[in-house]
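Subject: Structure handover

Hello,

Here is the structure I said I would pass on. Please open it alongside this message; my notes follow below.

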Amino acid sequence: MKGIIFDLDGVICSTDKYHYSAWKKLADKEGIYFDAVINNRLRGVSRMQSLEIILERAQKSYTEKEKAVMAEEKNAIYVNLLKEMSEYDLSEEVKYVLQKLREYGMKLAVGSSSKNAKIILKQLGLEDFFDAVSDGTNITKSKPDPEVFLKAADFIGEKPADCLVVEDAKAGIEAAFAGGFKCAGLGEAAEHPKVTYKMEGFRDLLEICQ
């Protein structure tokens with residue numbers, strides 16, 4: 001194994017509460033029911049796909065232009081909430097493991113569908129830590145399509161077969177499998193039948209990569 005590609009939300013850090021708050025505010029404004037169960041369906045999918053899931057409970061139809069405006073409104077709320085993040089939102093366990101993996105000589109990349117990945121990394125103090133960042137700004141297809149991981153592997157100059165993807169969402173595991181990557185799953189992703197390694201915690205990566 002020569003490279004590791006990390007999903008960002010739910011793996012390196014957790015921005016779930018910020019996504020939830022932003023979508024909740026938008027849904028409430030439109031009079032659309034939204035709760036934590038629906039929010040869980042949004043994990044690992046694009047902003048527009050997330051909006052379509054939320055609009056399943058809408059009492060009216062929206063034009064594509066109106067949807068685009070709503071998606072941008074949600075993102076503006078979310079980006080403003082991200083200002084609350086800091087280096088303290090990066091756990092000591094994650095910091096320790098990332099440093100050890102670097103010592104192991106691993107190439108490290110981020111593979112996230114989020115267009116705000118670089119903003120989040122900056123807030124966490126990881127702006128210059130990873131060798132490459134593949135995110136929503138350089139892909140056209142969201143997970144479970146493997147594009148974001150394939151580009152990450154290309155950015156670090158490694159073949160998919162020589163890289164491990166670390167994911168917490170089932171869509172991410174599907175994407176990794178489709179791209180020919182080994183994959184390690186956290187949380188619900190650990191129960192996916194296609195996962196290569198089941199992780200109970202982030203520190204498990206050290207044993208996997210030794």
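A charge is said to sit over a ring if NZ of Lys or CZ of Arg is within 6 Å of the ring centre and within 35 degrees of the ring normal. By that rule, the charged end of R102 sits over the ring of F129, at 4.9 Å from its centre. K74 likewise lies over the face of Y78, 4.5 Å from the ring centre. Please keep in mind that this is a predicted model.

Aromatic rings

There are five aromatic pairs in the structure. One of them joins F129 and F130, edge-to-face, with 5.3 Å from centre to centre and 85° between the planes. Residues under 20% relative accessible area count as buried. F129 has 17% relative accessibility, so F129 is buried. F130, at 10%, is therefore buried as well.

A further pair is made by F149 and F181: the ring centres are 6.2 Å apart and the planes stand at 70°, so this pair is edge-to-face. F149 belongs to helix α7 (residues 147-155), while F181 is in the loop between α8 (170-179) and β5 (182-185), so the pair ties together parts that are 32 residues apart in sequence. Both F149 and F181 are buried.

F129 and F130 also belong to one aromatic cluster, together with F6 and F202.

F202

Where is F202 found? Its place is the loop between β6 (197-198) and α9 (204-209). The relative accessible area of F202 is 4%, so this residue is buried. Leaving aside residues up to four places away in sequence, F202 touches F6, V11, I12, E93, V94, V97, L98 and L186. F6 is thus named both among these contacts and in the aromatic cluster. F202 and G185 are 17 residues apart along the chain, and their C-alpha atoms are separated by 9.7 Å.

Helix packing

Two packed helices are described by the angle between their axes and the distance between the axes. Helix α4 (residues 64-82) appears in both cases below.

The axes of α4 and helix α6 (residues 117-124) come within 10 Å and cross at roughly 15°. An angle of that size makes α4 roughly parallel to α6. The crossing of α4 and α6 is left-handed. On the α4 side, Y78, V79 and L82 take part, and they meet I119, I120 and Q123 in α6.

For helix α1 (residues 16-30) and α4, the axes come within 9 Å and cross at roughly 140°. That angle makes α1 oblique to α4. This crossing of α1 and α4 is right-handed. The contact is made by Y18, H19, S21, A22, W23, K25, L26, K29 and E30 of α1, and on α4 by M70, E73, K74, I77, Y78, L81 and L82. K74 and Y78, both in that list, are the residues of the second charge-over-ring case above, with K74 over the face of Y78. Y78 and L82 also meet α6 residues.

A cis peptide bond

Most peptide bonds are trans. Which residues does a cis peptide bond join here? K143 and P144 are joined by one, with omega at about 20°. P144 is placed in the loop between β3 (132-134) and α7, and α7 is also the helix that holds F149.

Regards

Definitions and conventions. Residues are numbered from 1 along each chain as its sequence is written. This is a predicted model: local features need pLDDT of at least 70, side-chain atom pairs count only at pLDDT 80 or more; totals for chains, interfaces and linings use all residues. Side-chain values use heavy atoms; hydrogens and water are left out. Rings of Phe, Tyr and Trp (its six-membered ring) pair if their centres lie within 6.5 Å; planes under 30 degrees apart count as stacked, over 60 as edge-to-face and the rest as tilted. Buried means under 20% relative accessible area, exposed over 50%, partly exposed in between (1.4 Å probe, protein chains only). Helices (H or I, at least four residues) and strands (E, at least two) are DSSP runs, numbered from the N terminus. Axes are lines fitted to C-alpha atoms, for helices over the stretch in contact, and angles run from 0 to 180 degrees between N-to-C directions. Angles under 35 degrees count as roughly parallel, over 145 as roughly antiparallel, 65 to 115 as roughly perpendicular and the rest as oblique. A crossing is left-handed if the near helix is turned anticlockwise from the far one by less than a right angle, and right-handed if clockwise. Contact means heavy atoms within 4.5 Å.
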